[in-house]
Amino acid sequence: MRILGIDPGLRITGFGVIDKTGSKLTYVSSGCIKTVDSELPLRLKSIMDHLNEVIAQHRPDQAAVEQVFVNVNPKSTLMLGQARGAAICTAVLNNLIVAEYTALQIKQAVVGKGHAKKEQVQDMVKRLLQLAGNPGADAADALACAICHAHGGLGLGGISTAGYRMKRGRLV
């Protein structure tokens with residue numbers, strides 16, 4: 001199974017592609033989509049265009065997207081939500097099954113503790129995928145999201161969480 005992980009952001013959207021064969025994870029590709037400072041619709045179009053290119057090039061089977069957390073600034077949270085929506089729509093329009101995970105779930109699945117620092121996530125992604133060096137922060141977050149999905153989400157073993165979300169520790 002090939003999984004596309006997406007760490008949505010309005011300025012920088014990270015992506016990471018991994019293959020899962022049995023319990024083995026293999027790195028395929030990762031990077032960042034950087035949008036230029038312009039109006040919101042053009043930024044969203046840039047995210048969608050670049051994700052379309054990544055999907056066309058790597059042909060993932062499923063996508064995993066990090067859920068938005070509520071920020072101190074409501075305007076920033078809404079803008080981030082729009083970037084996330086653009087990423088999800090792009091995946092769905094490309095017929096990918098989309099799963100969503102919170103940052104806490106992703107860190108728990110990759111590092112073993114939900115409040116891990118970015119550097120710890122980068123280091124564990126490097127180790128789990130046997131990379132020569134640490135990926136950039138946004139690419140590492142996207143790869144971590146894909147790894148979380150490959151492991152079945154937080155504490156769910158082999159149960160597929162595609163099409164579901166977690167609410168109070170339960171799939172809904």
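## A pocket and its neighbouring topic, paired strands

Mentor: In the lining of the largest pocket, 11 residues are nonpolar, two are polar and nine are charged. This is a predicted model: local features need pLDDT of at least 70, side-chain atom pairs count only at pLDDT 80 or more, and totals for chains, interfaces and linings use all residues. Residues are numbered from 1 along each chain as its sequence is written, and side-chain values use heavy atoms, leaving out hydrogens and water.

Trainee: What makes a residue nonpolar, polar or charged?

Mentor: Ala, Val, Leu, Ile, Met, Phe, Trp, Tyr, Cys and Pro count as nonpolar, Asp, Glu, Lys and Arg as charged, and the others, Gly among them, as polar. Of the 22 lining residues, Asp7, Pro8, Gly9, Leu80 and Asp138 lie nearest the pocket's centre. So Asp7 and Asp138 count as charged, Pro8 and Leu80 as nonpolar, and Gly9 as polar.

Trainee: Why is strand S2 called mostly covered?

Mentor: Buried means under 20% relative accessible area (exposed is over 50%, partly exposed in between; 1.4 Å probe, protein chains only). Seven of the 10 residues in S2 (residues 12-21) are buried, so "mostly covered" fits.

Trainee: How do you know that S1 and S2 pair?

Mentor: Two strands pair if DSSP finds at least two bridges between them. A strand is a DSSP run (E, at least two residues), numbered from the N terminus. S1 (residues 2-7) and S2 have six antiparallel bridges, so they pair. In one of these, Asp7 partners Gly14 in S2.

Trainee: What makes S2 and S3 a pair?

Mentor: 10 bridges join S2 to S3 (residues 24-34), so this antiparallel couple pairs too. Here Val17 stands opposite Ser29.

Definitions and conventions
1 Å grid on protein atoms, 1.4 Å probe; cavity = no way out; pocket = protein on both sides within 12 Å on 5 of 7 lines; lining within 4 Å. Helix = DSSP H or I, 4+ residues; strand = E, 2+ residues; numbered from the N terminus.
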